[in-house]
Amino acid sequence: MMTCIGAMAQKPLIGISTGYSASDNSASVRYTYVDAVVNAGGIPVLIPLAKDSLAAAEAIARVDGLILSGGEDVYPFFYGEEPAGALGGVNYERDLSDRWLLQSAVKMGKAVLGICRGEQLTNVTFGGTLYQDLPSQFPNRPVLQHGQRSNGTLPIHHVNVVKDSHLYEIMGQEQLAVNSFHHQAVKDVAPDFKVVATAPDGVVEAIEGFPKYNILALQWHPEYFAQQGNKEWIKIFEDLVKRAGGNKPVLKEPNIKQPKIR
Ligand code: MN
């Protein structure tokens, strides 16, 4: 007897970039990302390191959205800098793979959510730069603790959200309490992206590329909260699922002042 699934609505497939360890010969990602996607109604698909741009494009063609996950520092040659003394370990192969995944996603109009390193890598890929190490390089003092020593489910600092932003449309709050596991951050924001959240010390905490790019990128880790079923933070992943399902957010016209014509 044949069964027919019929025209059942399909959940969007959300690709998640994975960490890559040459020494361990392994690909891996924290389950926080996986559970956050599931809790938001998407199907998580782990994407291992792409060895070339074609492999990345083929993987992206089969998913509806992409999460660029956290990890190592971004290789400073990608934004034209020499390594600062306090630069952490970089992963050149992963940088290449993530850049190909991101470029493919943009070419194919797929929804993207960048998280932590994923936010930094997005900024660099589109022509922005980074502070390689906040404690030694960030000009405003004092610099807050952005490398928290507490559990990731505990918010450690606040961010101020720009009201005219997609992030504000999702969260509906001008101030959010977030976790923080980074010592790098956006310095010069990439063209066509805008800063939509900053920490009280001025560190950039979120950028987005709407309307040109279907990309939201956050410096903190909402997946820690979403994994635990936190309804407020699941909204970030529900938004990704929605954007991946073709229900793109209503994009505002760029706020350009027109000259008065008499
Ligand atoms: Mn932070």
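**A manganese site, two cores and some unusual backbone**

Me: In this predicted model, how are the donor residues of the manganese ion spaced in sequence?
Reply: The protein donors are His 146 through ND1, His 157 through NE2, Ser 180 through OG, His 182 through NE2 and Glu 205 through OE, and they lie 2.2 to 2.3 Å from the manganese ion. Written along the sequence, the spacing of these donor residues is H-x10-H-x22-S-x1-H-x22-E.

Me: How many residues apart are His 157 and His 182, which link distant parts of the chain?
Reply: His 157 and His 182 are both buried. His 157 belongs to strand β8, residues 157-161, whereas His 182 sits in the loop between β9 (175-178) and β10 (185-186), and the distance between the two in sequence is 25 residues.

Me: Which helix gives the most to the largest nonpolar core?
Reply: The largest nonpolar core has 35 residues, and those with the most contacts inside it are Ile 67, Leu 113, Leu 167, Trp 220, Ile 236 and Phe 237. With 7 residues, spread over a helix that runs from 231 to 244, the element that gives the most to this core is α8.

Me: How many residues are in the other core, which lies apart from the largest one?
Reply: This other core includes Ala 56, Val 63, Val 74 and Ile 207 among its members. Its number of residues is 25.

Me: How are helices α3 and α4 oriented to each other: roughly parallel or roughly perpendicular?
Reply: The axes of α3 (residues 92-107) and α4 (residues 117-125) come within 10 Å and cross at roughly 70°. Because angles of 65 to 115 degrees count as roughly perpendicular, α3 and α4 are described as roughly perpendicular.

Me: How many charged residues does the contact of α3 with α4 have?
Reply: On the side of α3 the contact is made by Arg 94, Asp 95, Asp 98, Arg 99, Leu 102 and Gln 103, and on the side of α4 by Arg 117, Leu 121, Thr 122, Val 124 and Thr 125. Sorted by class, the contact has 3 nonpolar residues, 3 polar ones and, as charged residues, 5.

Me: Is Cys 116, which has a positive phi, buried or exposed?
Reply: Cys 116 is not a glycine, yet its phi is positive at about 55°, and its place is the loop between β6 (111-115) and α4. Since buried means under 20% relative accessible area, and Cys 116 has 5% relative accessibility, Cys 116 counts as buried.

Definitions and conventions. Residues are numbered from 1 along each chain as its sequence is written. This is a predicted model: local features need pLDDT of at least 70, side-chain atom pairs count only at pLDDT 80 or more; totals for chains, interfaces and linings use all residues. Side-chain values use heavy atoms; hydrogens and water are left out. A nonpolar core is a set of buried Ala, Val, Leu, Ile, Met, Phe, Trp, Tyr and Cys residues joined through side-chain atoms within 4.5 Å. Buried means under 20% relative accessible area, exposed over 50%, partly exposed in between (1.4 Å probe, protein chains only). Helices (H or I, at least four residues) and strands (E, at least two) are DSSP runs, numbered from the N terminus. Donors are N, O and S atoms within 2.8 Å of the metal (3.2 Å for Na, K and Ca); water is not among the atoms, so sites may look incomplete. Axes are lines fitted to C-alpha atoms, for helices over the stretch in contact, and angles run from 0 to 180 degrees between N-to-C directions. Angles under 35 degrees count as roughly parallel, over 145 as roughly antiparallel, 65 to 115 as roughly perpendicular and the rest as oblique. Contact means heavy atoms within 4.5 Å. Ala, Val, Leu, Ile, Met, Phe, Trp, Tyr, Cys and Pro count as nonpolar, Asp, Glu, Lys and Arg as charged, and the others, Gly among them, as polar.
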